[in-house]
Amino acid sequence: MSSLDDVMIEITPQVLLKAYTCGIFPMAESADNNGLYWIEPERRGILPLNAVHIPRSLARTIRRGGFEVKIDNDFDAVIEGCAEPRAGRRSTWINGRIRSLYRELFALGHCHTVEVWQDGGLTGGLYGVHIGRAFFGESMFSRARDASKIALVYLIARLKHGGFTLLDTQFITDHLERFGAVEISRQVFQQRLEDALNCSQGSSGADGRAAAASEGSFSALSTNKPPTDVLQLVRLTSKAGCATE
């Protein structure tokens, strides 16, 4: 981990994307501190897409329904939810610069949200960054039982259907470990990241927008998929490596 803003360069969306391709991501001390740290963990958390475990009780909840999952519908509401204080955490690392940078990435098509809505309200969700066939999970939140877990299951289904090969969770939590998340060394992560980026033959255009050719497609999965189909998709085992559409 580097010192706070020790490299005095302007952090733009393009600089941020370049950092992700190098295995680095930013964090802040708190919402009130506008400085940023660059983080490159020695041990990196990933969730292998072909080895996902869905707890039985969660699978029953998903089959039962009673919720709606939306994609890229309300970025500001999702990042606000992720920044909310929660049990065991008084403050958040999501400060004004984080909000602004990821809002710009969202506008460029490199940041996505998965949102769980119930009775007209946003009850949980997550957001992350998409480059090539890699998805970098940033944060998730829940205001109702299992809402963030539902969002994670729907994210995994979307990534598998869209040809992604890497789901970076940055760190490991008990929550993620129950789904099959594991820690790998920085060196192994860099190799998997390189593989996921090399799957993409295209690159970002001059305006920073995500290239369509040979990239993972976040929008390929219909938002109208029945819950049973989503669960089946998550449980499917597919070949690792670059897709050959």
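I take a contact to mean heavy atoms within 4.5 Å. With that in hand, I looked up how far apart in sequence the contacting residues lie: pairs 24 or more positions apart account for 74% of the contacts in the chain with a separation of 6 or more. I note at the outset that this is a predicted model.

**Entry 1. The chain overall**

I counted eight helices and nine strands in the chain. The chain has 245 residues, of which 49% count as buried. The exposed area comes to about 11,800 Å². Carbon and sulfur atoms supply 49% of that area.

**Entry 2. The largest pocket**

I then looked for empty space. Rolling a probe the size of a water molecule over the atoms shows where such space is left. The largest pocket holds about 830 Å³. Its lining is made of 36 residues, and I recorded Arg86, Met140, Thr173, His175 and Leu176 as the closest to its centre. Elements that give two or more residues to this lining are the helices H2 (56–64), H5 (147–161) and H6 (174–177), together with the strands E6 (121–131), E7 (134–142) and E8 (166–170). Which element gives the largest share of the lining of the largest pocket? I found that E7 does, with seven residues. Sorted by class, the lining of this pocket has 17 nonpolar, 10 polar and nine charged residues.

**Entry 3. The cavities**

I found two cavities of 30 Å³ or more in the structure.

The largest cavity has a volume of about 60 Å³. I listed its lining as Val69, Ile71, Tyr154, Arg158, Leu221, Ser222, Thr223, Lys225 and Val230. Strand E4 (68–71) and helix H5 each supply at least two of the lining residues. By class, I noted five nonpolar, two polar and two charged residues in the lining of the largest cavity. Helix H5 thus appears in my notes twice, as it also gives two or more residues to the lining of the largest pocket.

The second largest cavity has a volume of about 30 Å³. Gly23, Glu40, Pro41, Arg44, Arg186, Phe189 and Gln190 line it. Helix H7 (residues 186–198) gives the largest share of that lining, three residues. The classes here are two nonpolar, two polar and three charged residues.

**Entry 4. Cysteines**

I searched for disulfides and found zero. Cys111 is in no disulfide, and the nearest cysteine sulfur, that of Cys82, lies 9.8 Å away. A pair of cysteine sulfur atoms must be within 2.5 Å to count as a disulfide. I also looked up exposure. Is Cys111 buried or exposed? Cys111 counts as buried, because its relative accessibility is 1%. Cys22 has a relative accessible area of 34%, so I entered Cys22 as partly exposed.

**Entry 5. Positive phi angles**

I noted Asp72 for its positive phi of about 55°, although it is not a glycine. Asp72 sits in the loop between E4 and helix H3 (75–83). Its relative accessible area is 28%, and therefore I recorded Asp72 as partly exposed.

Gln170 is likewise not a glycine, and I recorded its positive phi as about 70°. Its place is in strand E8. Gln170 counts as buried because its relative accessibility is 4%.

**Entry 6. Ser139**

I looked up Ser139 and found it in strand E7. Its relative accessibility is 12%, so Ser139 counts as buried. Which residues is Ser139 in contact with, leaving aside its neighbours within four places in sequence? I listed Cys82, Trp93, Ile94, Gly125, Leu126 and Tyr127. Cys82 is the residue whose sulfur I had noted 9.8 Å from that of Cys111.

**Entry 7. Phe218**

Phe218 is found in the loop between H7 and helix H8 (227–235). I entered Phe218 as buried because its relative accessibility is 4%. Phe218 and Phe164 are 54 residues apart along the chain, and their C-alpha atoms are separated by 8.6 Å. Leaving aside neighbours within four places in sequence, I found Phe218 in contact with Phe164 and with others including Ile71, Asp72, His112, Thr113, Val114, His130, Phe135, Leu155, Arg158 and Leu159. Among them, Ile71 and Arg158 also line the largest cavity, and Asp72 is the residue with a positive phi of about 55°.

Definitions and conventions. Residues numbered from 1 in each chain as written. Predicted model: local features only at pLDDT ≥ 70, side-chain atom pairs only at ≥ 80, totals over all residues. Heavy atoms only, no water. Helix = DSSP H or I, 4+ residues; strand = E, 2+ residues; numbered from the N terminus. Buried < 20%, exposed > 50% of the residue type's maximum accessible area, 1.4 Å probe, protein only. Areas by Shrake-Rupley, 256 points an atom, 1.4 Å probe, with all protein chains shown as cover. 1 Å grid on protein atoms, 1.4 Å probe; cavity = no way out; pocket = protein on both sides within 12 Å on 5 of 7 lines; lining within 4 Å. Points joined across faces, edges and corners; volume = space filled by probe spheres on them. Nonpolar A, V, L, I, M, F, W, Y, C, P; charged D, E, K, R; others polar.
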